[in-house]
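Please walk through this structure, from its nonpolar interior to its charged pairs and its loops.

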Amino acid sequence: MTAMQIEEIQQFLPHRYPFLLVDRVLDIDLENDKITGLKNLSMNEQFFQGHFPTKPIMPGVLIVEAMAQLAGILALKRRGLTLESGYLFYLAGIDNTRFKKPVYPGDQLHMHAHLFQERSDINKFECEAKVDGETVCTTEIMVAGSHT
């Protein structure tokens, strides 16, 4: 079990506020190619101001982006790389995405990613996001690695 606080997360992701969507990594299991993380959602998130003003919900594309960022951390960590290495993983594709429930201010988005296929610099992950133990989104995410 390996947890990561925000300072360490920023060593793996180039994103910064307001686009850094992983607040904490709860567990990294390199032996089984799995990672678990979370995003705390407050009403102060910029996207809630316009999506939607009378009934704020987290945009689905940002839920997927948060899981892609989490998968990118695992992809780098598996290779023993950080941002300083000059290598990044970019979101390259999503498949079979399903949104089950909305995500609201005050929710804690628990995200899980499992690497199920690796070919050279392409990694594919099965991902799931939950709130209060209930699935809110499932997707398959592909990330592609590249030197910056």
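The paragraphs below take up the core, the largest pocket, the salt bridges and a few single residues. The model is a predicted one.

The nonpolar interior comes first. In soluble globular proteins, nonpolar side chains tend to be buried together. Here the largest nonpolar core has 41 residues. Those with the most contacts inside this core are Val25, Met58, Ile73, Leu109 and Phe125. Six elements need to be kept in view, since β1 (24–29), α2 (60–78), β3 (87–99), β4 (108–119), β5 (122–131) and β6 (134–147) are those that give two or more residues to the core. Helix α2 supplies the largest share, twelve residues.

Leu109 offers a view of the core from one of its members. Outside the four places on either side in sequence, Leu109 touches Gly37, Leu38, Lys39 and Leu41, among others. Its contacts also include Met58, Ile63 and Val103. Further along the chain, Leu109 touches Ala129, Lys130, Val131 and Val136. Of these partners, Met58 is itself among the core residues with the most contacts, and Lys39 returns below as a partner in salt bridges.

The next topic is empty space. Rolling a probe the size of a water molecule over the atoms shows where empty space is left. The largest pocket holds about 180 Å³. It is lined by 14 residues, of which His15, Glu65, Phe89, Tyr90 and Leu91 are the closest to its centre. Two elements, α2 and β3, give two or more residues to this lining. The most comes from α2, with five residues. Helix α2 thus appears in both settings: it gives the largest share of the core and the most to the pocket lining. By residue class, the lining is made up of ten nonpolar residues, three polar ones and one charged one.

Charged pairs follow. Side chains of opposite charge can pair when their charged atoms come close. The model has eight salt bridges in total. Two of them involve Lys39. One joins Lys39 to Asp23, with an N to O distance of 3.8 Å. Lys39 lies in strand β2 (residues 34–40) and Asp23 in the loop between α1 (6–9) and β1, so this salt bridge ties together parts that are 16 residues apart in sequence. How do the two partners stand in terms of burial? Lys39 is buried, because its relative accessible area of 5% is under the 20% limit. Asp23, at 23%, counts as partly exposed. The other bridge joins Lys39 to Glu45, at 3.1 Å from N to O. In this pair, both Lys39 and Glu45 are buried.

A further salt bridge links Asp121 and Arg79, whose closest N and O atoms are 3.2 Å apart. Asp121 sits in the loop between β4 and β5, and Arg79 in the loop between α2 and β3, so the pair connects parts that are 42 residues apart in sequence. Asp121 is partly exposed, with a relative accessible area of 28%, and Arg79 is partly exposed too, at 30%. The pair belongs to a network of salt bridges that links Asp33, Arg78, Arg79, Glu118 and Asp121.

Asn123 has contacts with members of that network. This residue is found in strand β5 and is buried, with a relative accessible area of 0%. Leaving out residues up to four places away in sequence, Asn123 touches Arg78, Arg79 and Glu118, among others. Its other contacts include Ala75, Phe89, Leu115 and Gln117, as well as Ile141, Met142 and Val143. Among these, Phe89 is one of the residues closest to the centre of the largest pocket.

Two loop residues complete the tour. Leu83 is in the loop between α2 and β3 and is partly exposed, at 26% relative accessibility. Beyond four places in sequence, Leu83 touches Gln10, Gln11, Phe12, Leu13, Pro14, Arg16 and Leu88. The C-alpha atoms of Leu83 and Thr139 are separated by 26 Å, with their positions 56 residues apart along the chain. Lys101 is in the loop between β3 and β4 and is partly exposed, with a relative accessible area of 41%. Apart from neighbours within four places in sequence, Lys101 is in contact with Glu134, Thr135 and Val136. From the C-alpha atom of Lys101 to that of Leu81, 20 residues away along the chain, the separation is 35 Å.

How values were computed. Residues are numbered from 1 along each chain as its sequence is written. This is a predicted model: local features need pLDDT of at least 70, side-chain atom pairs count only at pLDDT 80 or more; totals for chains, interfaces and linings use all residues. Side-chain values use heavy atoms; hydrogens and water are left out. A nonpolar core is a set of buried Ala, Val, Leu, Ile, Met, Phe, Trp, Tyr and Cys residues joined through side-chain atoms within 4.5 Å. Buried means under 20% relative accessible area, exposed over 50%, partly exposed in between (1.4 Å probe, protein chains only). Helices (H or I, at least four residues) and strands (E, at least two) are DSSP runs, numbered from the N terminus. Contact means heavy atoms within 4.5 Å. On a 1 Å grid over the protein atoms alone, a cavity is a set of points where a 1.4 Å probe fits but cannot get out, and a pocket is an open set with protein on both sides within 12 Å along at least five of seven lines; lining residues have an atom within 4 Å of a point. Grid points are joined across faces, edges and corners, and a volume is the space filled by probe spheres set on the points. Ala, Val, Leu, Ile, Met, Phe, Trp, Tyr, Cys and Pro count as nonpolar, Asp, Glu, Lys and Arg as charged, and the others, Gly among them, as polar. A salt bridge is a side-chain nitrogen of Lys or Arg within 4 Å of a carboxyl oxygen of Asp or Glu.
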